[in-house]
Structure formats: C-alpha cells, structure tokens
Amino acid sequence: TWQIASAPSFIGYDYRPGKAATLKKLWKMQHAGMDRPNCLWLGTEPGGLFYSEDNGKTFHLNEGLWNEPSRQDDNQWFGTGKDFPFIHSILVDPRNSDHVFVGVSCAGVFQTIDGGKNWLPKNNGLIASYLPKAAPEIGHDPHQMLQCLNHPDILWQQNHCGIFRTIDGAQHWENVSGANGWPSYGFALAIDYANPEIAWVIPAESDEFRIPLDLKLEVCKTTNGGKNWSSFSDGLPLENAFDLVLRHGFIRHENILAFGTTNGNLYTSVNDGNSWTTLSQNLAPVNSLALSV
C-alpha cells in the first residue's frame with residue numbers, strides 16, 4: 001500500500017535575488033543514519049538539500065548549504081545538461097550521522113560534520129577541464145559518488161573528467177582513470193562495500209559521443225584501487241550498441257550487479273560482473289535501479 005507524500009517545496013526561497021526557486025526534479029533520497037530512524041535527506045534540482053524528521057511526511061530546506069556563498073555564484077554552481085545544478089549523491093558516514101557528503105553537478109563535493117549547519121567544499125585533486133581554470137575550488141562535475149561502508153574514509157566518484165578516489169575522507173582526490181584515458185568518461189559507478197580496492201564503471205566514449213567505444217558495451221573493473229582496469233563484456237552486445245548508463249542505473253549487492261540503459265536494456269550478473277545476462281530489451285529508458293534483498 002502507498003500513501004501520497006508531499007513533495008519538498010522552495011516556497012519562500014529565491015534561487016537568485018528576486019528570482020523564486022522552483023522544484024524541478026527529485027534526484028536522490030537517502031536515509032539519514034541508523035541512529036535517526038525517521039529521518040531522510042533529499043537532493044533536488046535546483047541544488048537544494050532537504051531534510052525530513054517524520055519519514056518524509058514533511059521536508060525542510062537545509063539552509064546551511066542553500067546559503068553557502070558559492071551557491072550564489074553562477075560561475076561556481078551551474079547546470080550541465082540541465083538548466084540548474086542538482087544534488088544527486090548523498091553519503092552519510094556510518095560512524096557519525098552528522099558527517100555527510102553531497103555531490104553536486106555542477107559545483108562538486110561538499111561536506112558537513114555538524115549535521116548540515118556548515119558546509120565546506122572537498123574538491124582538492126579534482127579536474128574541471130571544461131573551465132578556464134582546470135582546478136578551481138568549486139565548479140566540478142561529479143557524476144556519481146559512493147562511499148565504502150566498511151572503510152568510510154574511502155570514496156569513489158565517476159566524474160565528468162575521469163574516475164577519482166580518495167582514501168582520506170575527501171581531503172584529496174586521486175585520478176584513477178585507466179591508461180590512455182580508458183575508462184575515463186561515464187556516469188555509472190558501483191563499488192564493493194567491504195573491499196575498498198574494488199570498483200566497476202560502465203564507460204562511454206566521451207562527453208561529445210555518449211555511446212560505447214566502438215559500439216561495444218563493456219563493464220570495467222578494478223581490484224587494486226584504480227591502478228589497473230579490466231574489461232568484461234561476456235553476454236553483452238559486442239557491436240551496434242548505443243547504450244548509455246545513467247548515474248543511478250548501476251547497482252550492486254554482494255556478488256549481484258545490475259544495470260539498465262537509456263535504450264531500455266537491462267542486464268544482470270551473479271558473478272561480480274565476469275559475465276552478463278539480458279533480462280529485458282523492452283523497457284523505457286532506465287533512470288534508476290534498486291535490488292530487493
């Protein structure tokens with residue numbers, strides 16, 4: 001059974017002075033921590049982070065991030081493929097629910113250690129090659145960001161400008177893209193939540209050509225923290241593939257992996273991505289997946 005819940009509202013808030021903010025899209029909902037059983041974080045477009053203390057019956061805007069000075073600057077928070085920036089990744093530290101990371105396209109990674117009262121950018125080491133200054137403090141485009149739950153100081157992100165990893169809680173990000181820039185570009189990311197060295201990405205050819213390289217659909221895996229990547233395509237189309245996998249379209253639980261594509265194709269693996277099975281080729285574009293476990 002389902003009940004209708006009220007969507008978060010920007011009523012009373014301006015996106016820019018004199019320009020009212022309007023909810024465009026809900027991007028990410030995340031439980032706020034094991035010690036907060038009724039609480040949720042919600043990331044939206046345009047760049048709003050909302051919080052609920054009553055299981056989503058009501059939401060209020062986190063003013064700490066909304067009022068962060070850089071958010072007022074169109075050169076630091078801006079849309080990429082969208083009219084507005086949006087919050088698509090929310091990571092709650094399993095050791096401390098007051099410690100939260102968010103990923104913003106475009107702005108970058110922000111962190112709070114006091115439950116959302118104050119926020120700081122955490123983008124040291126990231127690249128923004130699309131900007132005049134390639135290493136700004138703010139203005140980055142993380143496509144997807146995940147945290148290793150058994151090693152919470154280790155985070156991964158599939159970024160517009162490569163694959164990045166941090167081992168020190170986002171104090172510094174390291175570019176762990178593949179040799180010769182492959183894999184590098186893409187949106188989807190999955191990680192092993194127990195072993196911090198293992199991750200998977202589904203690359204696209206480039207920003208300009210958001211299709212598989214040589215029209216061959218591949219899943220790339222690293223077992224050594226991004227030093228080396230291997231490609232796995234057993235069971236996937238080896239020619240004439242025009243599929244793109246979006247941010248939330250790739251998931252993992254234990255040894256099960258699944259991803260859906262913009263062309264309505266759905267694939268699963270039960271051996272950590274070594275081989276793949278087609279579940280459907282008749283879906284609408286897949287925006288997100290969830291595994292029932």
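This dialogue walks through the salt bridges of one predicted model.

Student: What counts as a salt bridge, and how many are there here?

Tutor: A salt bridge is a side-chain nitrogen of Lys or Arg within 4 Å of a carboxyl oxygen of Asp or Glu, and by this rule the count comes to eight. The model is predicted, so local features need pLDDT of at least 70 and side-chain atom pairs count only at pLDDT 80 or more, while totals for chains, interfaces and linings use all residues. Residues are numbered from 1 along each chain as its sequence is written, and side-chain values use heavy atoms, with hydrogens and water left out.

Student: Which parts of the chain does the salt bridge between Arg36 and Asp98 tie together?

Tutor: The side chains of Arg36 and Asp98 meet at 2.3 Å, N to O. Arg36 lies in the loop between strands E3 (25–31) and E4 (40–45) and Asp98 in the loop between strands E7 (86–92) and E8 (100–105), so the pair ties together parts that are 62 residues apart in sequence; strands (E, at least two residues) are DSSP runs, numbered from the N terminus.

Student: Which residues form salt bridges with Arg252, and is Arg252 buried or exposed?

Tutor: Among its partners are Asp192, with the closest N and O atoms 3.4 Å apart, and Asp272, at 3.1 Å, N to O. Arg252 is buried, with a relative accessible area of 15%, and Asp192 is buried at 12%, whereas Asp98 is partly exposed at 27%; buried means under 20% relative accessible area, exposed over 50%, and partly exposed in between (1.4 Å probe, protein chains only).

Methods
Helices (H or I, at least four residues) and strands (E, at least two) are DSSP runs, numbered from the N terminus.
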